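Please open the structure in a viewer and set the display to cartoon, with side chains available on demand. The tour below proceeds by selection.

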Amino acid sequence: MFQDARTRRWLPDGPLDLGLTLGPLGRGPGDPAFRVADDGSVWRTSRTPEGPGTLRVTMCHGEVDAAAWGPGGEWLLDRLPELLGSRDDPALLTPRHRLVHEMNRRNPGLRLARTGLVLESLIPSILEQRVTSDEAYRAWRLLLRRYGEPAPGPMPGLRVMPEPRTWALIPSWEWHRAGVDGKRSAAILRAARAARRVEETVLMTPAQAAERLQAIPGIGPWTAAETLQRTHGAPDAITVGDLHLPNVIGYALTGAQRTDDAAMLELLAPYAGQRHRAARLILLAGQRPPRRAPRFSPNDISLI
């Protein structure tokens, strides 16, 4: 099965949980660019500077085994340690709350992934603006299946994200068919047309990168943070403007039923420099405030 693959074995310098580390790179069930196989291996596709590539990652006895296919395969293998958190230092977090302490103790293998590829995280983050996760995941699946290309390697059904020019040429009716409104599709078009400058942000600090990304109309702090968490492994890139996150953080740490962004940031202030990591740990506790209203119904504009 792997006779055409380039391979690499890597020994992490500490505990590593593949699911926790790579999980945020997947965009919902059925993501054509991300799959967890029955044997526990993680497959993901990328459009690298060298071309499309497919990466398979698995662990055995504490060691990581990786295989890659396609023109971008070597690029993906070269950056495997960074992808799996080699530049991340969980020890920089000092728990200030018993819940954070407990979740940090239970999840020593949580590392923040660093993909080094910006557009592949930016575009699905734009799709997730102001809609339910199900709507955004559906749009991502439809667009990749329609405009992506078959991924190299032996795993059937995987697709590689379209190149920037292809994103820019998607007609308006196809966006509508995928349930993507004009504001989000316009932001994606602007990002695709600025692809070179967008990808350059991976060489910047998270603060500098956020500033450049937010200079593109339609990209705000929420989208920038969601992107930098994945591209830079940015431990302090806390998401503001989210519908649910402040309430989850507030409820988990104080029991409050409702919490706004300002109160969330105050609660996370003791974790300055590590606020995103602290939020990840809090989310892993699974403590959610009781639902006080009906679940938000998706608005499928493709039916209009």
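A residue is called buried when its relative accessible area is under 20%. The model on display is predicted, and the first stop applies that cut-off to a helix.

**Helix α15.** Select residues 275-284. Seven of the 10 residues of this helix are buried, so α15 is largely enclosed by the rest of the structure. Show the side chains of His-276, Arg-277, Ala-278, Ala-279, Arg-280, Leu-281 and Ile-282, which are the buried residues of α15. What covers them? Among the elements over these buried residues are α1 (18-22), α4 (98-106) and α12 (221-231). Add α13 (245-254) and α14 (261-268) to the selection, as they also belong to this cover. Then step just past the helix to Gly-286, where phi is positive, at about 70 degrees.

**The five-stranded sheet.** Turn next to the open sheet, whose strands follow the order β1-β5-β4-β3-β2 with antiparallel pairing. Colour β1 (6-10) and β2 (34-36) separately: these are the edge strands, and each pairs on one side only. Viewed with direction ignored, neighbouring strands of the sheet are turned by 20 degrees against each other on average. Strands of a sheet pair through backbone hydrogen bonds, and backbone atoms are therefore worth displaying here. Select β4 (residues 51-60) together with β5: seven bridges join these two antiparallel strands. Within this pairing, locate Arg-56 and its bridge partner in β5, Ala-67.

**Aromatic pairs.** A search of the whole structure finds three aromatic pairs. Select Trp-43 and Trp-69. The ring centres are 5.4 Å apart and the planes stand at 10 degrees, so this pair is stacked. Which parts of the chain does the pair link? Trp-43 belongs to strand β3 (residues 42-48) and Trp-69 to strand β5 (residues 63-69), so the contact joins distant parts of the chain, 26 residues apart. Are these two residues buried or exposed? Both Trp-43 and Trp-69 are buried.

Move on to Trp-167 and Trp-175. Here the centres lie 6.2 Å apart and the planes at 20 degrees, so this pair too is stacked. Trp-167 and Trp-175 are both buried. Add Trp-140 to the selection: ring pairs link Trp-140, Trp-167 and Trp-175 into a cluster.

**A charge over a ring.** Finally, select Arg-146 and Tyr-147. Arg-146 lies over the face of Tyr-147, at 4.9 Å from the ring centre.

How values were computed
Residues numbered from 1 in each chain as written. Predicted model: local features only at pLDDT ≥ 70, side-chain atom pairs only at ≥ 80, totals over all residues. Heavy atoms only, no water. Phe/Tyr/Trp six-rings, centres within 6.5 Å; stacked < 30°, edge-to-face > 60°. Helix = DSSP H or I, 4+ residues; strand = E, 2+ residues; numbered from the N terminus. Buried < 20%, exposed > 50% of the residue type's maximum accessible area, 1.4 Å probe, protein only. Lys NZ or Arg CZ within 6 Å of the ring centre and 35° of its normal. Contact = heavy atoms within 4.5 Å. Pairing = 2+ DSSP bridges. Axes fitted to C-alpha atoms, helices over the stretch in contact; angles between N-to-C directions.
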